[in-house]
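Hi,

Here is the structure I said I would pass on. Have a look when you get a moment, and my notes are underneath.

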Amino acid sequence: MTNFNAWLTRVAIVGILVSIVGCAPSTSVVEAPIETEVRVTEAPTQAQVLEAAVLVNAGFEEDEAGGVPSGWTNTGDTSAVLLEENGYSGDLRLTHKESGTYTVETSQVISGLANGWYTLGAWVRSSGKQVEAYLALKCGDVVKRVNIPATAPGYRWIRLVVSNQVTDGQCTLSLYTFGTPDSWTSFDDIELTPGQTALSILGADISSLHKSEDKGGVYKYSDGTAADALQIMKDNGLNYARLRVWVDPADGYHNQAEILTMAARFKSLGIKLLVDFHYSDNWADPGKQFKPAAWEDLDFERLKQALYDHTFELCSRLVEQGTPPDMIQVGNEINSGMLWPDGHTWDPPQWENLAQLLTTGYNAVKDCSPETKVMLHLAEGGDNELFHWWFDNLARYDVPFDVIGVSYYPFWHGTLAELQGNVNDITLRYDKDVVVVEFAYPFSVSEDDSLANIANRRMGTEGYLFTPDGQRRMLRDVMAIVRGVPNGRGLGVFYWDATWTAVPGNGWDINDPNSGNAWENQALFDYDDIVLPAFSEYLNP
Ligand SMILES: [Ca+2]
Ligand SMILES: [Ca+2]
Ligand SMILES: [Ca+2]
């Protein structure tokens, strides 16, 4: 549907609502449409009837003498501009490549644009190893860029987008490479379309925070000033927090009481809440989905009831204290199912049981709070085949849900191109929004406590050092992948676990107060408790 059609539809809906208002006998009916009625005053601005801009030679199929694309201007080391075979579509693509170090920009000025938001989109491939490669949309004095990451290994095409606001009728599209010798960037099928593409969820799992604070953990702004961690994160763009809940955890943290306490703090700062139900007394992930001790001897019907009651109870308590959950995930990384063995997806698979458990969780959420979104969450965000296997099996039972959550740890879950291939596909195939609900990347190769960190120096992705800037670059590029999901269905990212710094007493094992932290090199606060630069990427949604 075009924006103009959307406006026409809205006018039609408002017309219906106005006629309802006209004969509505009760004030409760009258009140709701009045807010909508304001839309009657909205005229179709130019931006609402815009069509995609007409670019010259957007697919690089037309060349001039000298082998450069017609309709584009090249500046800098123009010998680095090539038209190569094997476009994303058609015969040809634009490539920047040179045997020496080079800097080159290929650009096109588009004028006659109505003022408003536009989004530049392009398919790209990249060797990596450039000093810098990006797409830029320059409108007036404002330049917006999206970095082009390496798409090796495999050299898959990925599609990136960047939005900017037209204020004086024109913009410049820029395709830029600052290359090292033999590094290359390819471009094809450039588009400039009306509208803005931005992430609405800028989230972090901060399940560690409450216990950390109790054990003496402190958090600081970049200038070294200690402050409330939530305030620091909010000032760095955080708008959504995720908390896990266990049924009866041994140390008394990550239980319902903690969620209620934290939810009240979030509410006071305008931070939204995603509750991550593990349905266990301890960690649940693809390698372990053990039942809570209190549920172990229940038959399947009673197990479903226990799941329902636990979910409904926490949700209802949140509603009652005025902090309804914005989203709830039924299970955590449930590739292998949950509540083993009843909800196994293997050996032998119990898809029907799992479908009943997930449907029960969904019903508990909606019975408590119809507005709350329900997420189903799997690990292995780059494995499209796995997502097909899992969601196709569930689809046979019509399991209801609203959002797909994926974990994407670059050192375990494939390349950025594989992440894009998966999230773009599953939003279409299952007609759902998607969230990268777990992501992290290290900022250090050293340790801040005696327990060896999970992500060690052998696990780095080329081009992203285990440094504060490497961590920032990886978060930036994961955000770009989610932003590029077609039709605005990529909602956002949750960083995991932003606040889990090395604090004695807040280790990984809730049965051992002396256990260490294997994650402190992936927190978003450094070993001196100072917020890391990656966090500020959330200020560019
Ligand atoms: Ca082409
Ligand atoms: Ca450690
Ligand atoms: Ca420290």
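Below is what I found, going from the domains to the strands and then to a pair of helices.

Before anything else, keep in mind that this is a predicted model.

Domains first. The domain assignment splits the protein chain into domain 1 (3-44), domain 2 (73-194) and domain 3 (201-539). Taken over C-alpha atoms, the centres of domain 2 and domain 3 are 34 Å apart. Where these two touch, domain 2 puts in twelve residues and domain 3 eleven residues. On the domain 2 side, β7 (142-147) and β8 each supply at least two residues, and β8 has the largest share, with four residues. If you care about the chemistry of that side of domain 2, its residues are six nonpolar, four polar and two charged.

Now the strands, since β8 turns up again there. There is an open sheet of five strands, in the order β2-β3-β10-β5-β8, with antiparallel pairing. Its edges are β2 (81-85) and β8 (158-166), each of which pairs on one side only. On average, neighbouring strands in this sheet are turned by 35° against each other, ignoring direction. Within the sheet, β5 (residues 116-126) runs antiparallel to β8, and nine bridges pair them. One place to check that on screen is G116, whose bridge partner in β8 is V166. So much for that sheet.

Two further pairings involve β4. Strand β1 (residues 73-76) and strand β4 (residues 102-110) run antiparallel and are joined by four bridges, with N74 bridging to T106 in β4. Strand β4 is also joined to strand β9 (residues 171-179), again antiparallel, by nine bridges. There, E105 sits opposite Y176 in β9.

Last, the helices. Helix α5 (residues 256-269) packs with helix α6 (residues 300-320) at an angle of about 30°, and their axes lie 10 Å apart. Because angles under 35 degrees count as roughly parallel, that makes α5 roughly parallel to α6. The crossing of α5 past α6 is right-handed. Which residues in α5 and α6 meet? From α5 they are Q256, I259, L260 and A263, and from α6 they are L314, R317 and L318. By type, the residues of this contact between α5 and α6 are five nonpolar, one polar and one charged.

That's everything from me for now. Shout if anything is unclear.

Cheers

Key. Residues are numbered from 1 along each chain as its sequence is written. Chains are lettered from A and ligands numbered from 1 in the order in which they are written. This is a predicted model: local features need pLDDT of at least 70, side-chain atom pairs count only at pLDDT 80 or more; totals for chains, interfaces and linings use all residues. Axes are lines fitted to C-alpha atoms, for helices over the stretch in contact, and angles run from 0 to 180 degrees between N-to-C directions. Angles under 35 degrees count as roughly parallel, over 145 as roughly antiparallel, 65 to 115 as roughly perpendicular and the rest as oblique. A crossing is left-handed if the near helix is turned anticlockwise from the far one by less than a right angle, and right-handed if clockwise. Two residues are in contact if their C-beta atoms, placed from the backbone, lie within 7 Å. Ala, Val, Leu, Ile, Met, Phe, Trp, Tyr, Cys and Pro count as nonpolar, Asp, Glu, Lys and Arg as charged, and the others, Gly among them, as polar. Two strands pair if DSSP finds at least two bridges between them. Domain bounds come from an automatic or database domain assignment.
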